[in-house]
Amino acid sequence: MARADVAVVGAGLAGLTAAIRLAAGGARVHVLATGHAATHWAPGGIDLGALPGAASSQASIDRLAGIDGHPYAFLAGEVPAALAWLRATMGSAGLDLVGDAADPLRAIPTSIGATRLAAVLPDGMAAALPAWAPDETLVICGPAGFRDFWPAAIAANLRREASWRGQSRPERIEAIAVELPGIAGRHNLSGLDLARLFDEPAWRATALDAMARAIEGRVHGPGRIALPAVLGLDDHPAVLAAARARLPFAPFEVALVPPSLPGLRLFAALRSELRRHGGRLQVGEAVRGTIGADGRVAELRATAAAREFVLTAGSVVLATGGIAGGGIVADRPGSLTETVLGLPVDGPEPGHWLLNDPFDPAGQPLESAGVRTDSRLRPVAPGKPGAPLAGNVRIAGSLLAGQRYLRDRCGDGVAIASGSLAARELAGRPPVASQGSVAAIAGGVG
Ligand SMILES: Cc1cc2nc3c(=O)[nH]c(=O)nc-3n(C[C@H](O)[C@H](O)[C@H](O)COP(=O)(O)OP(=O)(O)OC[C@H]3O[C@@H](n4cnc5c(N)ncnc54)[C@H](O)[C@@H]3O)c2cc1C
């Protein structure tokens, strides 16, 4: 049996924000998660909010904060400090983030030749953020034969004016596929394979040289270069620096299909910060717990192959990601179940979970399902804000009810704001060993 001052369930942006901040404050923190989080699938920026017509994330946050029941209604004020903390923390782990909530939302090219709105991006993607000057060329450059990044198809789509959402766009778009050393004929090459190749100094020097020569032979004048997001995994800062030094124009990475390299780097930086502060991370097991008669959760249980793991904790942060993260499951008869503590779920009626068109810009109503809390992130029953269901539990991230994180692109902002607030709420609480009731239960279980 293990003990922690705070158990965090979920290894996404929300859970790891809370965990790092608590561990940095001296708490013994143990993170448990079934699997990897949205970090591994999402494109790698920090989405604070991107509503149609909103000029900035801050404008989106302000509008969302005015919606009754949206987490930003009580979390909006947390976002600036949470983002500043994330930027400083990731920077010290070697992953710089560029951009701010007040910056304009820009149309950033995607790997299918569409654009998505973003304002806060990792350094490797940040050259896509400034507005396009009237004479600039965008060069889409990738390895020949790499099936997840087709420069000609991307360029063809980006040449359509509608792709740029009414924003500034490059004057010309060129597509260049380059033969890179040693990969010709490797049909199953993944982004991860390429990132590992770029991590090797000799290979990357040759590859960047081939790309630079191909671009220099075709494109002159001011420009920027869109590359697939494969510029290294473990040695990304060195690869990025080498690309900036060798290529004729500023490069930026374009996120690919999952697993997302920018997301993997973000997760690695978060994990290294957690470990640096002595926190523990255990991925691979579904977690369950119960709320005791005293209105507290004293322990969590994770069932792995052939054994049960028991974690006794003074407090719990539940950051299991809601319906997209596995923290809520929906069944055929129409129930929504919170998977760890069985907390009540507030969500749309069963007949209104999904729209007929999976790509409807209105998004899918089911994503708003979640756990209701008071303004201190303690879970409450829907419609009963004054009576917390578990005094030592805090809810964070996409598990919070009332947000449309995919449609409104506010999921990362809610995650860092609520993770930060949860950490502040639980900081300085008595450690588990000094809590009589918890120690007694621990003795009984152990
Ligand atoms: C594929 C995908 C793409 C997304 N893209 C965007 C985007 O572009 N913009 C945006 O704003 N938001 C996006 N989101 C929403 C995203 O969830 C949030 O942006 C934010 O990062 C959520 O962080 P989180 O920590 O709350 O949850 P998640 O990142 O979902 O993490 C949940 C964690 O909880 C764990 N977990 C779940 N159930 C259990 C259990 N019973 N026991 C133990 N562990 C459990 C999971 O394994 C995981 O580690 C996306 C989500 C997904 C799934």
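In the predicted model, four strands form an open sheet in the order β8-β7-β9-β10, and their pairing is parallel. The edge positions are taken by β8 (172–178) and β10 (250–254); each has a single partner strand, so one side of each is left without a neighbour in the sheet. On average, and with direction ignored, neighbouring strands of this sheet are turned by 25 degrees against each other. Within the sheet, β9 (residues 223–228) runs parallel to β10 and is joined to β10 by five bridges. One position in this pairing is I225, whose bridge partner in β10 is P251.

Helix α7 (residues 201–216) lies across three strands of this region, β7 (137–143), β8 and β9, and runs at about 140 degrees to β8. Helix α7 also packs with helix α8 (residues 236–246); the angle between the two is about 35 degrees and their axes are 10 Å apart. The crossing of α7 and α8 is right-handed. On the α7 side the contact is made by R204, L208, D209 and A212, and on the α8 side by V239, A242, A243 and R246. Sorted by class, this contact of α7 with α8 comprises five nonpolar and three charged residues, with no polar residue.

The domain assignment of the protein divides the chain into domain 1, made of segments 2–93 and 264–445, and domain 2, which spans 111–254. A distance of 34 Å separates the C-alpha centres of domain 1 and domain 2. Contact between the domains involves nine residues of domain 1 and ten residues of domain 2. The side of domain 1 that touches domain 2 has four nonpolar residues, four polar residues and one charged residue.

Further strand pairings involve β14 (residues 307–318), which runs parallel to β1 (residues 2–9) and is joined to β1 by seven bridges. In this pairing V6 stands opposite S315 of β14. Strand β13 (residues 299–304) pairs with β14 in the antiparallel sense, over six bridges, and E299 is placed opposite T312 of β14. The hairpin of β13 and β14 has two residues between the strands, and A306 in this hairpin adopts a positive phi near 65 degrees. Strand β14 also pairs with β17 (residues 393–395), in the parallel sense and over three bridges. Here the bridge partner of V317 is R394 in β17.

A second helix pair is formed by α1 and α12, which pack at an angle of about 35 degrees with their axes 7 Å apart. Helix α1 passes α12 in a right-handed crossing. Helix α1 contributes L13, A14, G15, T17, A18, R21 and L22 to this contact, and these meet D412, A415, I416, S418, G419, S420, A422, A423 and L426 in α12. The class composition of the contact of α1 with α12 is nine nonpolar, five polar and two charged residues.

The ligand is surrounded by 37 residues, of which G12, G321, G325, G397 and G411 are the closest. The elements giving two or more residues to this shell are α1 (13–24), β2 (29–33), β12 (286–289), α10 (322–325), α11 (405–408) and α12 (411–426). Helices α1 and α12, which pack against each other, are thus both among the elements that supply the shell. By class, the shell around the ligand consists of 20 nonpolar, 14 polar and three charged residues.

Two loops carry further backbone features. The peptide bond joining P258 and P259 is cis, with omega of about 0 degrees. The loop that holds P259 lies between β10 and α9 (261–276). In the loop between β16 (336–338) and β17, L377 has a phi near 70 degrees, a positive value in a residue other than glycine.

Terms used:
Residues numbered from 1 in each chain as written. Predicted model: local features only at pLDDT ≥ 70, side-chain atom pairs only at ≥ 80, totals over all residues. Near = placed C-beta within 6 Å. Nonpolar A, V, L, I, M, F, W, Y, C, P; charged D, E, K, R; others polar. Pairing = 2+ DSSP bridges. Axes fitted to C-alpha atoms, helices over the stretch in contact; angles between N-to-C directions. Contact = placed C-beta atoms within 7 Å. Left-handed = near helix turned anticlockwise from the far one by under 90°. Domains from an automatic or database assignment.
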